[in-house]
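Me: Please show me the structure, and then let us go through it in questions and answers.

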Amino acid sequence: MDQDTLVKSLHPLEVKVLLTFGTGVPLTAGVLGEKLGYKVGQANQAFSWLCGKGLAHETGRTSKTVYEITELGKEQLAGGTPEENLLKALDKGPVAMAEAAQLLGLEQKDMGSAYGQLAKEGLVAMDDNKRIVKKAAESPRLKTLRTLLQKASEADLDESVLSEDEKAILSANAKKRGAAASVFKVSERETVVYELTPEAGSAVSAIRAQGVTGDELGALTPALLASGAWKTGVFRPYNVAAPPSRLVIGRRNPYQEYILGVKDKLVSLGFEEFDGPLVETEFWNGDALFMPQFHSARDIHDVYYVKNPTHAKEIEQPWLDRIAAAHTNGGDTGSRGWGYNFDRDFTRRLILRSQGTVLSAKQLPKAKIPGKYFGVVRCFRYDQVDATHGADFYQTEGIVLGSDVNLRTLLGLLKMFAIEVAGATEVKYVPGYFPFTEPSVEVHIKHPVLGWFEMGGSGIFRPEVTKSLGVDVPVLAWGLGIDRMALMSLGLSDIRELFTANIENVRLRRRS
Amino acid sequence: MPKIEVKQAGLERYSTLKPSVDELAEMLPAVKGEVDEVNRETGVLKLEFNDTNRPDLWSTAGAGRALRTYYTGWLPTYEFFSRPGRSLPDEGRRVTVDPSVNEVRPYLAAFALSGPAMDAVTLDDLIQTQEKLCWNFGRKRKSIAMGVYRSQSIHYPVRYQAVDPDTTRFQPLGLEKTLSLREILKEHPKGVEYGPIVAGLPKFPFLTDSRGEVLSFPPIINSAHLGAVQTGDQELFVEMTGTDLPSLTLAVSIVACDLADAGYTILPVTVEYPYDTPFGKTVTFPYYFQEEVKAELGFINKLLGINLVGEEAQNALAKMGVASRYGNGILTVIPPVYRNDFLHPVDVAEDVAVGRGLASFEPERPSDATIGRLTDAELFGRRVRDLMIGMGFQEMIFNYLGSRRDFIERMNISGTDVVQILNPMTENYEYVRNSIAPNLLEAEGVSGNALYPHHIFEVGKVVRLESSHREGSVTTNSLGWLSAAPDEGFNQINSRVAALLYYLGKDYKVKESSDPRFIPGRAAEVWIDRKAQPEFAGVFGEVHPAVLENWNAGVPCTLGELNLDVLAR
């Protein structure tokens, strides 16, 4: 630490010690209190800081016995000791023991010991009627005790400066532990002796050179502003490089921040957001997407079924009839269909939405042409929960409707997402397969950090989907796997971390 | 997505190509495949195929054929197919179907083969094909099950009938004793695995030859005698039974083509039904049933955004193994014998696109100008989030699924409006949350060592059963928040609700709440002022210590939840 930084790091409490005392002088908290008016806490703080900076060091310790007044002691100082009070009460004439106890608010045994002590000293005695009578006017012992209580209430009593009498009285009235029932508490107190080190000398020179006195202003207070005293004072410079204490702030979840960023980007590209309920029907989740009801992906182990109620009351018409026809024989979609008997009970089965494409399908009947839509929506998939599979997770999906959209505009759209949303440097398209799109395209991108990976799936909705839902133009459908990019952005590798309940983990998390 | 294992040598034999693994990885996307795993020591590759409508690719022979077609220009033809109105001679290889199977498992298709002694590569591939076809395409044997037998011991006609499961007995493959069909369901591993397909039927499917020798108990297990096929066999009988004749017929065609490519002569088998089928009462297999598909070239060009002439489109289709004719602007596609995935002209368009290669398509930005927009709920949610953050709250994102213990029991609620899942994978994810509160308390419970105070919130969805609704439940946008601190109490949360609703511009009144999650007398209901009558929007208050104890939370908490759909109105 250079001298300048050292001087800045000194608190006024330290500065005054350095400026007041020379090297080699024994220093204690008492000395600092005497010369600088420091309270014990301030003195110890100054020593601690100075030692930490190598400007002072401990040279030894001395131990002494001290007596301090207890709460009970303070009470008796103000309201009198039981003995004093008894003597006072006897001034009005003899009193029976029980009566005196009641009069003084003492318990029988305390009354007894007060009487016993006074009787031993011949101050009181019992008359023939078993009443206590006063025998002498003055008790030197009680007088000394009162003096000691008074002194102790001002400052702790150092045993080494007490007379033998005083010591005897104190030890009769003090305890080390459980002192609450005594008027004094006795304890061993250590006094640490310090000295300034030779380094303090050069620090003092630096302090003087900078004109620091230790009387500089600390915190700027309303009082200082009101009095205007700051105009004549000098502000103590702080060590601005000192480590700050931690501040916990209110903030967005960084994963949400990422999702909001994606949403805003899609809106800027002309996409309108959609949303929908978490409980869906087999109709919208699968049938409307032309997934045959006998498709292996629709077995009970791929979607979560609602236990009760099991079925929706009805499916919206005319979509039910039109989709059923598309499955059976193609209806008016130009398809030959899957050629099976569409099950109208199964289609009402309630499930938890397993893919965001459901909402793309539901958007079709109400979509504008041309139109672009998207959603970042929670989905549920029957999967074992692990680092790459959550019980529920977000899917980002959307559609583009237009009379002139085609495979090339689909590729153009994907390229736009790759660059604008994913920050990709290269894009590659490979044929894909989804039951509801034809052609289908998977897009792989080269990310500057992640390298090549699959960014998402896409395609042109099958006419069995679009025509059945009242749309006569081609519809590009796409889905983006933003989880992986979000994990990367947050420096995580486990999807479960995105949904963690651990407050500290979320507080500390930040985007790279 | 089906995954198959192929030996590199086998793939080379069928594709007539010698690609390195890296080259193969570049080639497979043309058939919607990818290399999943490579074992360089054994030369075994695991390939994944994405198109569930292309079961012909799920074998070494099929994958090799597709690559050979795409990359060498070979267009395979197979001469052993009977067609509508033209059955090839069966030389006495016949199967008679008994009326009793009509209600049980109505269809059977079959063929025979002869040729070189079966080597391990071909046999392994045949067994794999059987598994993949019956598992993925045949829905775990439910709609297609396949059996292979040594045909030299079979005396035609083979008989397919339904029999009494308790009195019919035979020795199944893999066991040393004779069992009744019903016993097989209990004692044979395959019986245990596939038994549910037939268990509820009055009679079970059964296949014997004319002397009564047992071939198999479809779809469960072959007999130990005729059904034990091994390397060295030269003459085999292949049959498939199931519920859908077109799928069955296609599966038979695929296996026949694979074996033909392996050098075997395919021998037709005639199946005689006592009832009508989509292909008539007497069908000779392998049987070509696919119909030609007509597609306008103009439609294809428009969908793909290109401008091909007929010949270019035909060349692209040929690379996909698809023969076609072209005339008057119409492309007529003749589906390959092993494919049945042309449902619509768009399917033709895709094959044209893939045949030409996606790399040949120049990406073009969609040019329609549209206006982007967030939903009202999202915009409102963002306002709420900003206010909560302004009050010092950390946003959380929680899972929506949880256990009965967390969502109901620990919350001291009855849970009558919580959506339950019929088929949970584990009890940890068996319910859909009806409130954000349990998630918030879980967070508090696991975060006792995080610096206090804790102020957390989530804006998310909750679902509640509501019988009047068409789908039986309602999804709601909700705000939930929790504060935990040694000096946290009702006064603090009361002030926060006031601040929040002031900035959201909502006038409201509170009523004392009897919600069991809170300390009695320290919880309030929020009612939004409306012209007609006040509307309930949520609750807030001091969390009951019994609830805190349930969550191992050791610091006083306040908690609130408001229905954002109500507030946004």
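**A sheet and its helices**

Me: In what order do the 3 strands of the open sheet in chain B lie?
Reply: The pairing in this sheet is antiparallel; two strands pair if DSSP finds at least two bridges between them. Helices (H or I, at least four residues) and strands (E, at least two) are DSSP runs, numbered from the N terminus. The 3 strands of the open sheet follow the order E16-E18-E17 (chain B).

Me: Which strands of chain B stand at the edges of that sheet?
Reply: An edge strand here has a single partner strand, so one side of it is left without a neighbour in the sheet. In chain B this applies to strand E16 (293-296) and strand E17 (323-327).

Me: What kind of model is this, and how are its parts numbered?
Reply: This is a predicted model, in which local features need pLDDT of at least 70, side-chain atom pairs count only at pLDDT 80 or more, and totals for chains, interfaces and linings use all residues. Chains are lettered from A and ligands numbered from 1 in the order in which they are written, while residues are numbered from 1 along each chain as its sequence is written.

Me: Which residue stands opposite Lys294(B)?
Reply: E16(B) pairs with strand E18 (residues 330-334) of chain B in the antiparallel sense, over 4 bridges. Opposite Lys294(B), in E18(B), stands Thr332(B).

Me: At about what angle does helix H8 of chain B run to E16(B)?
Reply: Helix H8 (residues 297-304) of chain B lies across E16 and E18 of chain B. Axes are lines fitted to C-alpha atoms, for helices over the stretch in contact, and angles run from 0 to 180 degrees between N-to-C directions. Between H8 and E16(B) the angle is about 65°.

**Chain B as a whole**

Me: Why is chain B described as more spread out than a compact globule?
Reply: Chain B has 16 helices and 27 strands. The globule rule (2.2 Å times the number of residues to the power 0.38, with the radius of gyration taken over C-alpha atoms) gives 25 Å for its 569 residues. Chain B is more spread out because its radius of gyration is well over that value, at 33 Å.

Me: Is Ser513(B) buried, partly exposed or exposed?
Reply: Ser513(B) lies in the loop between strand E24 (508-512) and strand E25 (518-528) of chain B. A residue is buried if 20 or more other C-beta atoms, placed from the backbone, lie within 10 Å of its own, exposed if 12 or fewer, and partly exposed in between. Ser513(B) has 19 such atoms within 10 Å, so it is partly exposed.

**Where the chains meet**

Me: Which element gives the largest share of the side of chain B that touches chain A?
Reply: 78 residues of chain B are in contact (C-beta atoms, placed from the backbone, within 7 Å) with 84 residues of chain A. Among the elements that give two or more residues to this side of chain B are H8, helix H10 (345-356) and helix H11 (376-390). The largest share, 7 residues, comes from H10(B).

**Chain A**

Me: Which element of chain A has the lowest mean pLDDT?
Reply: Chain A averages a pLDDT (the predictor's confidence in each residue, from 0 to 100) of 89, and 98% of the residues score at least 70. The highest mean, 98, belongs to strand E8 (residues 272-273) of chain A. The lowest, 77, is that of strand E6 (residues 174-175) of chain A.

Me: What is the bridge partner of Ala174(A) in E7(A)?
Reply: An open sheet of 4 strands in chain A, with mixed pairing, has the order E5-E1-E7-E6. There, 2 bridges join E6(A) to strand E7 (residues 184-196) of chain A, and the two run parallel. In E7(A), the partner of Ala174(A) is Phe184(A).

How values were computed
Contact = placed C-beta atoms within 7 Å.
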